Amino acid sequence: MSSFKIIATLFLLSTAMMLRESNAQLSGTFYAKTCPNVSSIVRSVLQNAQQNDIWIFPKLVRLHFHDCFVHGCDASLLLNGTDSEKTATPNLSTGGYSVIDDIKTALEHSCPRVVSCADILALAAQISVSLAGGPTWEVPLGRRDGRAAHREAIRAIPSAHESLNNITAKFKNMGLDSTDLVALSGVHTFGRAQCSSFMDRLYNFKGSGKSDPTLNATYLKALTQLCPKGRDGRSLIDLDESTSLTFDNNYFLNLQNHRGLLQSDQELFSTSGADTVAIVNRFANSQSQFFDSFAKSMVKMGNISPLTGSNGEIRSDCRKIN
């Protein structure tokens with residue numbers, strides 16, 4: 001074996017060991033002694049926030065997702081600045097930042113400089129799903145906050161307009177498989193999306209000048225009334241037309257009936273020969289199987305390149321580095 005190959009092999013082994021060690025440092029009991037009430041504090045803030053914004057739960061889950069897919073789960077999404085991630089196109093429609101600030105303020109009062117913003121995002125996502133009727137899981141904690149935004153890596157976030165092949169590749173790059181892809185896409189069982197995220201499906205799908213043929217005809221007609229051609233694309237439409245505030249498996253039933261709102265969602269079921277089709281059918285038939293897989297996939301996603309130990313910092317303000 002050449003010296004180059006030996007060095008390359010050692011580098012890959014070292015990297016793999018670092019990732020395992022990093023993930024191993026995350027623990028559900030990380031704050032047991034330093035901030036034992038962390039979960040109850042987050043839950044209390046979220047319950048109050050939901051009184052003012054009924055859509056806050058899906059917003060917060062989306063923040064965690066968008067943060068983890070760009071340079072790992074390090075709360076870099078929350079940073080302000082001219083080169084911030086939150087001002088890049090995929091994140092212009094994100095929200096819930098002020099609630100993260102409220103959680104941070106409450107935790108700083110009880111446990112100063114202890115709980116990271118990255119862990120706040122992970123906890124807020126889990127508790128939001130639970131409060132909306134979804135599963136509960138133990139969140140591995142101990143992440144630290146990054147000291148820089150990574151706007152250059154923003155394209156790692158999947159787009160609603162992308163093909164299944166592209167999105168599958170993006171998930172694979174994060175160490176997530178097809179089951180993770182379908183389970184995590186199921187978060188679209190609650191929340192809303194802007195008309196601009198699916199207008200092409202209504203009027204000019206893939207440049208054809210026609211609508212997406214996989215769209216249910218009745219659903220298509222309803223959507224064209226909600227999002228008229230040429231109008232402002234910022235209007236918000238329920239991702240699940242029947243239970244948009246509840247975390248359930250209705251999303252998968254919608255896909256089976258060709259009533260998925262986003263192209264990236266419908267392709268999970270309508271792409272001939274794709275391994276995602278059987279997974280959609282399984283989750284449509286069993287909400288418990290969906291909940292179980294979703295919880296496991298959220299833990300996997302939350303383990304994407306976390307900063308631990310002496311890496312990063314614990315921000316006192318989630319919007320800026322210390």
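**Getting to know this predicted model**

Colleague: How many aromatic pairs does the count come to?
Modeller: Let's start with the rings, keeping in mind that this is a predicted model. Rings are paired if their centres lie within 6.5 Å. By this rule the count comes to 15 aromatic pairs.

Colleague: Are the rings of phenylalanine 65 and phenylalanine 69 stacked or edge-to-face?
Modeller: Planes under 30 degrees apart count as stacked, and those over 60 as edge-to-face. The ring centres of phenylalanine 65 and phenylalanine 69 are 4.5 Å apart, with their planes at 20°, so the pair is stacked.

Colleague: Are phenylalanine 65 and phenylalanine 69 buried or exposed?
Modeller: The cut-off for buried is under 20% relative accessible area. Phenylalanine 65 has 17%, and phenylalanine 69 has 1%. That makes phenylalanine 65 buried, and phenylalanine 69 also counts as buried.

Colleague: Which ring does the charged end of lysine 86 sit over?
Modeller: Happy to point that one out. The charged end of lysine 86 lies 4.4 Å from the centre of the ring in question. That ring belongs to tyrosine 97.

Colleague: Which helix gives the most to the largest nonpolar core?
Modeller: The largest nonpolar core has 75 residues, and among those touching the most other members are Leu46, Ile103 and Phe294. With 10 residues, the helix that gives the most to this core is α5 (residues 117–131).

Colleague: Which domains does this core draw at least three residues from?
Modeller: The domain assignment of the chain gives two ranges, 37–156 and 164–301. The core draws at least three residues from each of them, domain 1 and domain 2.

Colleague: How far apart do the C-alpha centres of domain 1 and domain 2 lie?
Modeller: The two domains do meet: 23 residues of domain 1 are in contact with 20 residues of domain 2. As for their C-alpha centres, these lie 23 Å apart.

Colleague: Where do the buried residues of helix α12 lie?
Modeller: Helix α12 spans residues 276–285, and its buried residues are Thr276, Val277, Ile279, Val280, Phe283 and Ala284. Seen down the axis of α12, they fall within an arc of 165°, so they line one face of the helix.

Colleague: Which residues are exposed on the other side of α12?
Modeller: The buried residues of α12 are covered by elements including α6 (164–173), α10 (250–256) and α13 (287–302). Turn to the other side of α12, and the exposed residues there are Ala278 and Asn285.

Colleague: Why is α7 largely enclosed by the rest of the structure?
Modeller: What covers the buried residues of α7 includes α6, α10, α11, α12 and α13. Among those buried residues are Asp180, Leu181 and Val182. Helix α7 is largely enclosed because its buried residues number 7 of 8.

Colleague: Where does alanine 75 lie?
Modeller: Have a look at the backbone here: alanine 75 has a positive phi of about 60° although it is not a glycine. At 0% relative accessibility, alanine 75 counts as buried. Alanine 75 lies in the loop between α3 (56–68) and α4 (97–110).

Colleague: What does histidine 258 count as at 31% relative accessibility?
Modeller: Histidine 258 lies in the loop between α10 and α11, and its phi is positive, at about 60°, although it is not a glycine. Buried means under 20% and exposed over 50%. With 31%, histidine 258 counts as partly exposed.

Terms used: Residues numbered from 1 in each chain as written. Predicted model: local features only at pLDDT ≥ 70, side-chain atom pairs only at ≥ 80, totals over all residues. Heavy atoms only, no water. Buried < 20%, exposed > 50% of the residue type's maximum accessible area, 1.4 Å probe, protein only. Helix = DSSP H or I, 4+ residues; strand = E, 2+ residues; numbered from the N terminus. Arc of directions from axis to C-beta. Contact = heavy atoms within 4.5 Å. Core = buried A, V, L, I, M, F, W, Y, C linked by side-chain atoms within 4.5 Å. Domains from an automatic or database assignment. Phe/Tyr/Trp six-rings, centres within 6.5 Å; stacked < 30°, edge-to-face > 60°. Lys NZ or Arg CZ within 6 Å of the ring centre and 35° of its normal.
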